[in-house]
Amino acid sequence: MFIINCPYCGDRDQTEFSCHGEAHIPRPTETAKMTDDEWGEYVFFRTNPKGYHRERWLHDHGCRRWFNALRHTVTDEFVATYKIEDPRPPIPGEGGRS
Amino acid sequence: MKAYSLFSLARNAMSYHRNWQQAWRSPDPKSKYDVVIIGGGGHGLATAYYLATQCGISNVAVIEKGWLGGGNTGRNTTIVRSNYLLDASAGMYEHAMKLWEGLSQELNYNVMFSQRGLLHLAHSVHDMQEIGRRGNAIHLNGIDSEFLTPEQVKEMLPIINLNCRYPVMGGLLQKRGGTARHDAVAWGYARGADAAGVDIIQNCEVTGVRVENNTVVGVETSRGFIGAGKVGSVAAGHSSVIAEMAGFKMPLECYPLQALVSEPIKPIIDCVVMSNGIHVYVSQSDKGELVVGSGSDAYNSYSQRGSFDLIEHTVGPLCELFPLFSRLRMLRQWAGIVDVTVDRSPILSKTPVKNLYFNCGWGTGGFKATPGSGHAFAHSIAAGEMNKIAAPFSIDRFNTGALIDEGAAAAVAH
């Protein structure tokens with residue numbers, strides 16, 4: 001993962017980017033009705049998989065825009081980077097599951 | 001088990017050291033144990049040791065997918081200290097420190113625990129306020145620490161460059177802090193546990209956790225199913241993986257944490273030096289190598305490698321603080337996978353599955369707690385309830401909000 005492909009800027013050095021953890025965790029809407037357990041789950045609990053991981057990245061020292069990435073956490077290999085609004089690219093080898 | 005002593009050393013020297021007994025057996029797994037510990041690192045082996053020697057439960061197996069101490073136990077920078085801000089942390093880490101102080105004698109195994117002193121540097125007004133607050137909190141918890149002026153720092157460390165880019169404004173010294181030989185800690189606990197009847201099973205990977213009626217009944221492994229009355233997971237960087245097998249999530253994320261050692265040189269630093277402000281820590285091993293570390297890489301990974309630019313972030317401040325080290329060559333670099341909680345405090349807890357206990361989340365600073373963690377976890381497993389030292393570290397705190405936020409005080413330097 002020495003080079004990261006920013007969906008806006010193209011290939012850039014990894015030192016320009018920062019990772020911000022698991023992606024696709026929607027912010028709850030009915031927050032007033034949430035229990036402590038639901039809040040804990042939303043704020044702190046993560047899948048932390050050994051394998052493919054969808055995660056948020058920020059191009060700090062570039063366009064300063066957020067995007068998502070699909071990356072393998074053992075090989076650190078990026079499968080794809082994609083804009084927030086883009087459809088999720090499939091996980092390799094799993095028949096197109098996204 | 002024959003005790004190690006000066007006499008046994010002399011006796012074995014007569015036969016050219018060819019007749020030492022094995023330090024521990026390598027038994028085949030039994031079909032069922034009272035307690036199965038997942039993970040043969042320092043914490044797991046310590047848990048098994050205290051279960052067998054203090055809790056009267058010797059029908060215990062430690063299941064390790066690789067070799068003993070091959071994970072973070074063998075990858076850390078061997079620093080031991082108990083200078084934490086919050087009461088719960090002081091309880092845990094000082095408990096560990098007191099066990100460290102008698103550990104070689106207890107285990108009849110030289111863990112090379114060296115209370116050479118641990119010096120924490122301050123480089124800004126904020127740093128000074130932080131060590132002031134933390135130092136006083138440490139005193140209130142009855143733990144030793146001393147404030148040093150820059151002159152006193154210079155007296156301790158003549159080679160330090162006080163007027164570096166962020167000048168040294170003071171220091172916090174814990175004289176009882178220091179280092180221990182990390183491998184020896186794993187081996188010493190393994191030998192002690194084995195002698196007390198614990199089966200240590202290496203090269204045996206846990207591939208599943210069998211749960212029936214929301215109660216754990218055993219683990220699936222690469223050597224078949226092993227039944228268990230209770231299971232303690234002490235899997236460090238792989239705790240989330242074990243949790244997934246059991247069907248729940250943990251409040252953990254894994255990052256690589258790197259360390260490096262230099263070529264060996266004559267004694268030059270006789271304490272542990274750490275700096276949160278410019279972000280580096282260094283000590284000298286008994287072999288003469290400088291052992292250097294800094295922060296973790298900031299992306300999820302199980303790769304045990306780490307990124308190249310972080311090495312520069314590590315040696316940069318090192319050379320700024322000790323300019324003469326700029327001429328040293330670094331010999332080795334490696335990374336361990338640290339399981340980090342958001343408050344930078346560990347998890348010792350019951351889980352949603354009955355009789356399944358987790359000890360994890362030690363993040364970047366677990367080595368120093370090895371004896372205390374194992375001791376508290378063993379007594380908690382035996383009792384079925386977390387004991388007084390472990391209780392604040394329950395997984396429930398992430399739902400109740402009662403976090404133990406050492407992140408603010410010690411996120412960087414462990």
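Helices (H or I, at least four residues) and strands (E, at least two) are DSSP runs here, numbered from the N terminus.

Ground rules: I'm on a predicted model, where local features need pLDDT of at least 70, side-chain atom pairs count only at pLDDT 80 or more, and totals for chains, interfaces and linings use all residues. Residues are numbered from 1 along each chain as its sequence is written, chains are lettered from A and ligands numbered from 1 in the order in which they are written, and side-chain values use heavy atoms, leaving out hydrogens and water.

**Pocket entry.** I looked up the lining of the second largest pocket (a pocket is an open set of points on a 1 Å grid over the protein atoms alone, where a 1.4 Å probe fits, with protein on both sides within 12 Å along at least five of seven lines; lining residues have an atom within 4 Å of a point). S3(A) gives the most to that lining, with four residues. Strand S3 (18-22) and helix H1 (36-43) of chain A, plus strands S12 (253-262) and S15 (290-296) of chain B, each supply at least two residues.

**Cysteine entry.** I searched the whole structure for disulfides (cysteine sulfur pairs within 2.5 Å) and got zero over all chains. For A:Cys6, the nearest cysteine sulfur is that of A:Cys9, 3.7 Å away. For B:Cys360, the nearest is that of B:Cys254, at 9.4 Å.

**Val entry.** B:Val315 sits in helix H9 (residues 308-321) of chain B. Beyond residues up to four places away in sequence, I find B:Val315 touching B:Leu260 and B:Met330 (contact: heavy atoms within 4.5 Å). From B:Val315 to B:Ala382 I get 45 Å, C-alpha to C-alpha, with their positions 67 residues apart in sequence.
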